[in-house]
Amino acid sequence: MTILPIVTLPDPILRKVSEPVERVDEELRRLMDDMLETMYAAPGVGLAAVQVGVPRRLIVLDVSKDEQQAEPLFMANPEIVALGPETRLHEEGCLSIPEVLVEIERPASVTVSYLDRFGESRELTAEGLLATAVQHEINHLDGKLIIDFLSPLKRDMVVRKFKKQARSTEAL
Ligand SMILES: [Zn+2]
């Protein structure tokens, strides 16, 4: 397995709407495995394919705390089919926007349909951190980022900071 480079702000690919996966084959499984490895190494609890520069509707997740009992989830073409009535507040980070945390209120439970690592159709109802993570990653597939939950003024400040950082890196 390979650890892939993670795309960060202000790379415009993060704003792309990802294309559906046509079928889950060996090549896609390899990408899923590399994404999981990349996510664990970061470390993070979720990663969308677009964050490694592949704009396809594919996410990996693992919110388990214990390394010995990993609970990886692979979701191709995830779609939200129901949202619970309660909400949950969580300070979210994003591997593509290092060192930025945004407090976001989202539905506390979510039912999602998807194709698993073997291309089987599945449905899962997630709660707690997993519900938050699933919604965060599906946002990525639609080009939506946690900074979009900030006021325009604060969002501009974050984007400016990352643009400046990108410029100084290029200058080296
Ligand atoms: Zn993210």
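Me: Where is Pro 10 found, relative to H1?

Reply: In this predicted model, Pro 10 is found in the segment before H1. The peptide bond that leads into Pro 10 from Leu 9 is cis, with omega near 5°. A cis bond also runs from Ala 42 to Pro 43, with omega near -10°, and Pro 43 lies in the loop between H1 and E1.

Me: How do you know that the span of helix H1 agrees with its number of residues?

Reply: Helix H1 covers residues 26-41, which makes 16 residues, and at 1.5 Å a residue these should span 22 Å. The end C-alpha atoms of H1 are 22 Å apart, so the expected span and the value in the model agree. The buried residues of H1 include Leu 28, Leu 31, Met 35, Leu 36 and Met 39, and charged residues such as Arg 29, Asp 33 and Asp 34 are also among them. What covers the buried residues of H1 includes the strands E1 (46-48), E2 (58-61) and E3 (73-83).

Me: Why is Ser 96 called buried?

Reply: The cut-off for buried is under 20% relative accessible area, and Ser 96 has 0% relative accessibility, so it counts as buried. Ser 96 lies in the loop between strand E4 (87-92) and strand E5 (102-107), where, leaving out residues up to four places away in sequence, it touches Ile 6, Val 7, Thr 8, Leu 9, Leu 14 and Gln 51.

Me: Why is Glu 99 called exposed, and why is Asn 77 called partly exposed?

Reply: Exposed requires over 50% relative accessible area, and Glu 99 is therefore exposed, with 79%. Asn 77 has 21% relative accessibility and so counts as partly exposed, given that this class lies between the buried limit of 20% and the exposed limit of 50%. Glu 99 lies in the loop between E4 and E5, and its phi is near 70°, a positive value in a residue other than glycine. Asn 77 is found in strand E3 and has a positive phi of about 50°, although it is not a glycine.

Me: What makes Cys 94, His 136 and His 140 donors of the zinc ion?

Reply: A donor atom must lie within 2.8 Å of the metal, and the SG atom of Cys 94 and the NE2 atoms of His 136 and His 140 lie 2.1 to 2.3 Å from the zinc ion. Along the chain these donors follow the spacing C-x41-H-x3-H. Cys 94, in the loop between E4 and E5, and His 140, in helix H2 (residues 128-141), are 46 residues apart and link distant parts of the chain. Both Cys 94 and His 140 are buried.

Me: What makes E6 a pairing partner of both E3 and E7?

Reply: Pairing calls for at least two bridges; five bridges join E3 to E6 in an antiparallel arrangement, and seven bridges join E6 to strand E7 (residues 121-127), also in the antiparallel sense. Among these partners, Ile 80 is matched with Val 112 in E6, and Tyr 114 with Arg 122 in E7. The hairpin of E6 and E7 has five residues between the strands, and Gly 119 takes a positive phi near 80° there. Five of the seven residues of E6 are buried, and the strand is thus mostly covered.

Me: Which residues have the most contacts inside the largest nonpolar core?

Reply: The largest nonpolar core has 31 residues, and those with the most contacts inside it are Leu 9, Leu 61, Met 75, Ile 97, Val 134 and Val 158. H2 gives the most to this core, with six residues.

Notes:
Residues numbered from 1 in each chain as written. Predicted model: local features only at pLDDT ≥ 70, side-chain atom pairs only at ≥ 80, totals over all residues. Heavy atoms only, no water. Helix = DSSP H or I, 4+ residues; strand = E, 2+ residues; numbered from the N terminus. Expected span 1.5 Å × (residues − 1). Buried < 20%, exposed > 50% of the residue type's maximum accessible area, 1.4 Å probe, protein only. Contact = heavy atoms within 4.5 Å. Donors = N, O, S within 2.8 Å, 3.2 Å for Na, K, Ca; no water. Core = buried A, V, L, I, M, F, W, Y, C linked by side-chain atoms within 4.5 Å.
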